[in-house]
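Work through the exercises below with the sequence and the model open. Each task is followed by a solution in steps.

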Amino acid sequence: MKSDKVWMDGELVPYEQATVHILTPTLHYGPGVFEGIRAYETPRGAGVFRLREHLKRFLDSIHILGIRDYPYSVEDLRQAVHQVIKANGFTGCYIRPLMYLKGPMGLDMDKSMPATAVIAWEWGPYLGQEALERGANLMVSSFTRLHPNISMTKAKITGNYVNSMLVKTLALRSGYDEAVILDPQGFVAECTGENIFMVRRGTVFTPPLSNALEGITRDAVLTLAREMGYPVEETPITRDLLYVADEVFMTGTAAEIVPVRSVDTRVIGEGRRGPVTHALQQAFYETVRGEGKFSEQWLDIVA
C-alpha cells in the first residue's frame, strides 16, 4: 500500500514524510472526512471513475461536519488527484482524499484548521479476486447502523467508521467475509463499506437512501441495471428477504461488485454468482476500462 509521493496541502511530499502530529484532533476525536476513489487502466491512460462526483461528496461531507472556510474546490482537488497519480506513475490505483484537523486539543472544531491530503496506492479487489467470482459469506451483525440523530450518517466522517470496524472485525473473527448492518428500525441498511442489493423474480432491489450512504458505485449500478432493462426498486428490505433472494450482491469503490453466496449460513440462490450480478459486473468493468456506453461520461482521464 506504499506510494512514492503524497499530496499535502499543495505539496507533493515523500511517502515517509507524509505525517501528522500525535496531538492532531482528528486522531483523538474522529472529526475527519475521507473519500475512496478508483482509477482504472484504459487505452487513453488512467481513468478516474466519477472523480467529480466523489469530490463533490467529499466537500458535502466537510460541509455536513460543520467545517468552516474550507479552502479547496472540486477543481483544486481534481488537479491534486491528477498530480498524485502522475507523480507515482500509476495506471490504475485507489485514491484517498482525507480532510483532518490541525490545532489545539479539545472538542471545539472552530479552534482547529482543516488540512488535506491525497494519497494513492495500487490496491486490488477489497474482498479478493475469488470473492468477485465465487461470492462472499455474510452475517447479519448484532451492531446497529448509527442512528441519523447520533451522527451525520450521510457524510463519510472518519469517526463514523468505528461502527464499521466493529462490525467487520466481528464478522471476520466469526468466520465470515463481510456483514450486513441493520438500521435502528431493523431494516437492512448496508454493509461495512458497501451498499447492498438483492435480485428477486427478475427485479433488482436496494435499500432507500434514508438508511444507507449515497454510494457512487451504487448509483452507477442502478443506472446500468435500468439501461440493461432490469426493473429496479429502492425499497425497505428485511433480513429474511435476503435469505430468499435469487441473488444478493454488494457494491462499493473498494469492493466494486461482489456477489454474495450466503447470509447467516443460508445459501443464496444456487450458492454462486447469479446471472444478473454477472451481467452487471461485466457492464461495470467495460465502463471503467473505457469500453462502455457511460465511459466517456464517468471517466476522468489523467493526461
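Buried means under 20% relative accessible area, exposed means over 50%, and partly exposed lies in between. The model is predicted.

**Exercise 1. Strand β15 and its surroundings**

Task: Determine how many residues of strand β15 (residues 256–263) are buried, then go through the strands that are joined to β15 by bridges.

Solution:

Step 1. Apply the cut-off along the strand. Eight of the eight residues of β15 are buried, so the strand is largely enclosed by the rest of the structure.

Step 2. Take strand β8 (residues 136–144). Three bridges connect β8 with β15, and the two run parallel. Within this pairing, A136 has V260 of β15 as its bridge partner.

Step 3. Take strand β14 (residues 247–252). Five bridges connect β14 with β15, and the two run antiparallel. Here F249 stands opposite P259 of β15. The connection from β14 to β15 is a hairpin through three residues.

Step 4. Take strand β16 (residues 266–267). Two bridges connect β15 with β16, again in an antiparallel arrangement. S262 stands opposite V267 of β16. The hairpin of β15 and β16 has two residues between the strands, and in it D264 takes a positive phi near 55 degrees.

**Exercise 2. The setting of T238**

Task: Where is T238 placed, and with which residues is T238 in contact once neighbours within four places in sequence are left aside?

Solution:

Step 1. Locate the residue. T238 belongs to the loop between β13 (232–234) and α7 (239–243).

Step 2. Classify its accessibility. The relative accessible area of T238 is 28%, so T238 is partly exposed.

Step 3. List the contacts. With neighbours within four places in sequence left out, T238 touches F187 and V188. The C-alpha atoms of T238 and A189 are 9.4 Å apart, while the two residues are 49 apart in sequence.

Step 4. Check the side chain. The side chain of T238 makes a polar contact with that of D240, at 2.5 Å.

**Exercise 3. Salt bridges**

Task: How many salt bridges does the structure hold? Then describe the pairs D219 and R50, D110 and R68, and R226 and E234.

Solution:

Step 1. Give the total. There are 18 salt bridges in the structure.

Step 2. Examine D219 and R50. Their side chains meet in a salt bridge of 2.9 Å, N to O. This pair links distant parts of the chain, with D219 in helix α6 (residues 216–227) and R50 in the loop between β5 (45–49) and α2 (51–65), 169 residues apart. At a relative accessible area of 34%, D219 is partly exposed, whereas R50 is buried at 8%.

Step 3. Examine D110 and R68. The salt bridge between their side chains spans 3.6 Å, N to O. This pair also links distant parts of the chain: D110 lies in the loop between β6 (93–102) and β7 (113–121), and R68 in the loop between α2 and α3 (74–88), 42 residues apart. R68 has 60% relative accessibility and therefore counts as exposed.

Step 4. Examine R226 and E234. Their side chains form a salt bridge at 3.8 Å, N to O. R226 is partly exposed, with a relative accessible area of 47%, and E234 counts as partly exposed at 39%.

Step 5. Look for shared partners. R52, E75, R78 and D300 are joined into one network by salt bridges that share partners.

Conventions
Residues are numbered from 1 along each chain as its sequence is written. This is a predicted model: local features need pLDDT of at least 70, side-chain atom pairs count only at pLDDT 80 or more; totals for chains, interfaces and linings use all residues. Side-chain values use heavy atoms; hydrogens and water are left out. Buried means under 20% relative accessible area, exposed over 50%, partly exposed in between (1.4 Å probe, protein chains only). Helices (H or I, at least four residues) and strands (E, at least two) are DSSP runs, numbered from the N terminus. Two strands pair if DSSP finds at least two bridges between them. Contact means heavy atoms within 4.5 Å. A polar contact is a pair of N or O atoms within 3.5 Å; within protein, one must be able to donate a hydrogen and the other to accept it, and residues adjacent in sequence count only if both atoms are side-chain atoms. A salt bridge is a side-chain nitrogen of Lys or Arg within 4 Å of a carboxyl oxygen of Asp or Glu.
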